Amino acid sequence: EEAVIGSILINPDAYYDVAQFLRGEDFYIHRNRFIWDAINRLHEARTPVDFLTLTEELDRVGLLAEIGGPAYLTGMINQVPTSLHAVSYAHIIEQTAVRRRMLEAANKVAKLAFEEGSALDTVLDESEKAIFAVSDRLLAHDVKPFSQVLSELYDQVELRSQNAGLFGVPTGFVDLDRILQGMQPSDLLIVAGRPGMGKTSLLLSIVKYAAQAHKKHIAVFTLEMSSEQLAQRLVAQETGIDMQRMRSGKLEEEEWPLFTHAVEVLGDVRLFLDDTPAITPLQMRSKCRRLHMEYELDLIVVDYLQLMSGGGRFENRVQEVSYISRQLKVLARDLNVPVLAAAQLSRAVEQRADKHPILSDLRESGSIEMDADVVMFLYRPEDGDLSNQVEVIVAKHRNGPTGTVQLAFRQSLTKFENAAQEVTID
């Protein structure tokens, strides 16, 4: 700690390299923390940092005597071998500070575990918060020079040019993939529609294709139905057996081999289901991190966003949903995988003459529209002749074109398929 401060007093420019990641609370010795805070104040006031200005600032706030007077500052300057290694010294401080926080978190977890009057769910949530508060610090990104970013972009484009396939996770729908170029890493994708439009069916059709045809590792959080019900839908999509007969167990004799084969085939996919009701973003993040460390997740699916709980106290539901949507975007960035989430639309869409959804119809929060990289609406025309035709309206696409895709919906199998119509790109 003394070496870092001494390096800055010798070479004030070293501050800019160190201040990117070092904070006042990282200093263990209080007087060194007081000096670091004083250096920060001088920089905020655009005052050059040297022995005299730092001494005056500490004297102004009444801390000069407490840190050991000017002699302590002089001693730090004299003891520094070289100011060239200031960043290395600072990283040692940062690492030891993280270890101290780990010990504090461990003590907090132990204390929570002994509180038998607290609910176990509360204890687990608070324990995870304590651990995440430590790990979040290590996820901070350093500033990159533009030349480095351009070099990474060139390598990425060159890699994509050599591979004819999609870079992102494919949806299985040709026209939709043409617009999205697959579901891209770190993107939050929202599939929104009124009840009965087929949001869950579309999510499962995408999940089945990506997991089965492309061997992707996918975590599915189903808040609306149980894991067993979700498995029934996937098996129905695979076999073509009517959902009602499968639910009742009244399969035809020739359907049993299809059912058995589907169970074997789907048993090989890397699909992870969680049907925890009212799951919080923190719980979801914890589970996804564990899965990502063990299996390298390619996609996270949430059905659906408004059934999640914020896990804290909020003034109203709008603030809670805003918090949830932000955390889903943070999760996508954190793990660098696409997050595909269903969302409900408000009833306002049904009160208009034109029933096509628009972005302002997203229920309970305008921040869903802001946080999402892609927003897709499901719209089923009311015409009887087109009852199996569903429009997927890509209303927002942060990094590409918008447009409308026609898909065919097979109600009895809760399954979406490619339609014959061409895509319309705006």
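Thr239 is buried in this predicted model, with a relative accessible area of 15%; buried denotes under 20% relative accessible area, exposed over 50%, and partly exposed the range in between, evaluated with a 1.4 Å probe on protein chains only. The model is predicted, and local features therefore require pLDDT of at least 70 and side-chain atom pairs pLDDT 80 or more, whereas totals for chains, interfaces and linings use all residues. Residues are numbered from 1 along each chain as its sequence is written, and side-chain values use heavy atoms, with hydrogens and water left out.

Thr239 belongs to helix H12, which comprises residues 227–239. Helices are DSSP runs of H or I with at least four residues, numbered from the N terminus. Not counting residues up to four places away in sequence, Thr239 touches Met246, Leu258, Phe259 and Ala262, contact being defined as heavy atoms within 4.5 Å. The side chain of Thr239 also reaches the backbone oxygen of Val235 at 2.9 Å. Such a polar contact is a pair of N or O atoms within 3.5 Å; within protein, one atom must be able to donate a hydrogen and the other to accept it, and residues adjacent in sequence count only if both atoms are side-chain atoms. Between Thr239 and Ile218, which are 21 residues apart along the chain, the C-alpha separation is 21 Å.

A buried residue is also found in helix H15 (residues 281–295), namely His292, which counts as buried because its relative accessibility is 15%. A polar atom of the His292 side chain lies 3.0 Å from the backbone nitrogen of Leu297. With neighbours within four places in sequence left aside, His292 is in contact with Leu297, Leu335 and Val337.

Helix H11 (residues 199–213) contains 15 residues, and its end C-alpha atoms are 21 Å apart, in agreement with the 21 Å span expected at 1.5 Å a residue; the expected span is 1.5 Å times one less than the number of residues. Twelve of the 15 residues of H11 are buried, so the helix is largely enclosed by the rest of the structure. The buried positions include Lys199, Leu202, Ile206, Lys208 and Ala211. H11 is followed by Lys215, whose phi is positive, near 55 degrees.

At the surface, Phe146, Val149, Leu150, Leu153 and Val157 form a nonpolar patch with about 460 Å² of accessible area together. Accessible areas come from the Shrake-Rupley method with a 1.4 Å probe, and for residues only the protein chains shown count as cover. Patches are made of residues with over 30% relative accessible area and no salt bridge, like charges being joined within 9 Å and nonpolar side chains (Val, Leu, Ile, Met, Phe, Trp, Tyr) within 5 Å; a salt bridge is a side-chain nitrogen of Lys or Arg within 4 Å of a carboxyl oxygen of Asp or Glu. Val157 lies in helix H9 (residues 146–162) and, at 49% relative accessibility, counts as partly exposed.

Note on methods:
Helices (H or I, at least four residues) and strands (E, at least two) are DSSP runs, numbered from the N terminus.
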